[in-house]
Amino acid sequence: MIRNERQYRATMRQRNLLAQSLDELINRNAALALDVQPDPNASGAQVLELQRASIAGQLADLDSQLMQYQQLQEGQVAATGVSSLEELPDALIRARIAAGMSQRDLAERLGMKEQQIQRYEAERYASASLTRLREITAALGVEFVGDLQLPVNEAPVARLRKRLLSLGFDRRVVDRRLLRDVPGGAGPAKVLAAAERAARLLNIPVEQLLSSGPAPALATTGRFNAPRNAAHGSLDAYTRYAESLADLVLRATEHLSRPHLPGDAQSVRAAIDAIAAATRPDTVTVPPDSQELFLATLRYAADIGVPVLALRDPGAFHGACFSREGRSVIVVKHSSDSVARWLALLLHELCHLADRTRGELRTWVELGDIDTWSDNPEEQRAHAFAADVLLFGRGDAVLAQAVQAAEGSVERLKAVVPAVADNAEVPVDILANYLAFQLGRRGINWWGTASTFQIQRNPWRNVTDQLLTQLDFNALDSVDRSALFDALAS
């Protein structure tokens, strides 16, 4: 949901990029129209259709968000329905926009700081008290009209949804993934099909999922690098889901050559540079930027036989690697669209795969913020590996150059970063992230400044496009194929 003008402009930019990508895909398919048409059931045709459906679905979602925001701003919406308390937070945000009030305006009316309203809306008023909600509704001039509906027997899909939520899934994962194509009035047959698909992903009998008994335990093979206060209920549920998707990816890529482990940081960087150079015109002499390095690293992962799956669901974890009988898959999930952040995360996970101290460990799942320092030896190795690849093993020297150029002043650091990056021949967004990480170790939060240097693209789509070229969907049955489609389509 778009909450302010900054998000509106960012969404519009993303929408235009997606529209351009969809046009390019359609034109590319049209250019091939004179060729012999493939069997519509063949995996190639399925991949093309999934690509088109993925982009079209994202575009429709963004258009819907943009239209809703525009209609609210223009006063075209006089009332909004709220059928449950769960829907109240979004209704309050829509009411503020319809009233022509910015987050700052509402904060001033309530005698609060703008950041508090931003935080309330970002977390959907989860931490707001009932008294605070009353104050906000009064400040917005909101009126509630309607009846309190007494409970009735739930529809089959409502019972299944409640059961999935009770297992610890975020409601957005339930609605956008597990029950993606199941409307509220769906009949028993469609609900049973959705339950079968979810039960298979969770590795539990469908009868147990549909029962009203105690919630079943969800077993995973994971070892968690998790903060002590992690909500392990939702973690286990989503990790079980992601682990099943990783298994599907491994089954759909069995036709690929057997994988081999990444080498040391120097050899990995040499391989990535070679791949990047092969895709550039001979006349280009400047070092590759972070987008080129990211695409080359994806290609490198494919070349060593490691498929990469990108997910965009909220919470749970930010990275994982799953290994089965000598084959592995990496799962990356980051809320940012920063190419440099995704690149560091991918290299981080590649290091975990190459870490022989994992022994027979089948799964490694990482929670929290990958950009914070950890005393865990495996994390320190992975951080160092990613930095050595991205900075040619000269991280300490480049850090010293930046500190010297800034004369030891954090306030001056932003001004010198571009020149230091140019002198070191590394992308400025990668250097900014490295500096933010190192400053974070010293208790200085510099990530806000580092974000101003970031290249914003669509890393999720880059990862998904690469994976689609590797998958053989015919290796999966219809239930598993549908589950993987749902994960990749949006």
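pLDDT is the predictor's confidence in each residue, from 0 to 100. This is a predicted model, in which local features need pLDDT of at least 70, side-chain atom pairs count only at pLDDT 80 or more, and totals for chains, interfaces and linings use all residues. Residues are numbered from 1 along each chain as its sequence is written, and side-chain values use heavy atoms, with hydrogens and water left out.

Colour the protein chain by pLDDT: the mean is 83, and 84% of residues reach 70 or more. Select residues 32-42, where pLDDT is below 50 and the model has seven contacts (heavy atoms within 4.5 Å) beyond near neighbours in sequence. Then select residues 223-234: pLDDT stays under 50 here too, with 23 contacts beyond four places in sequence. Where pLDDT is low, the predicted coordinates should not be read in detail.

Next, select helix α13, residues 290-303 (helices are DSSP runs of H or I, at least four residues, and strands runs of E, at least two, numbered from the N terminus). Of its 14 residues, 10 are buried (under 20% relative accessible area, 1.4 Å probe, protein chains only). Among them are L293, F294, L298 and Y300. Their cover includes α12 (265-278), β2 (308-310) and α14 (339-354). At the start of α13, a side-chain oxygen of D289 lies within 3.1 Å of the backbone nitrogen of Q291. After the helix comes G305, with a positive phi near 85°.

Move to α12. Its buried residues are A265, V268, R269, I272, I275 and A276. Viewed down the axis, these fall within an arc of 125° (taken from the directions from the helix axis to the C-beta atoms), so they line one face. On the other side, Q266 and A278 are exposed (over 50%).

Technical notes. Expected span 1.5 Å × (residues − 1). Polar contact = N/O pair within 3.5 Å; in protein donor to acceptor, adjacent residues only side chain to side chain.
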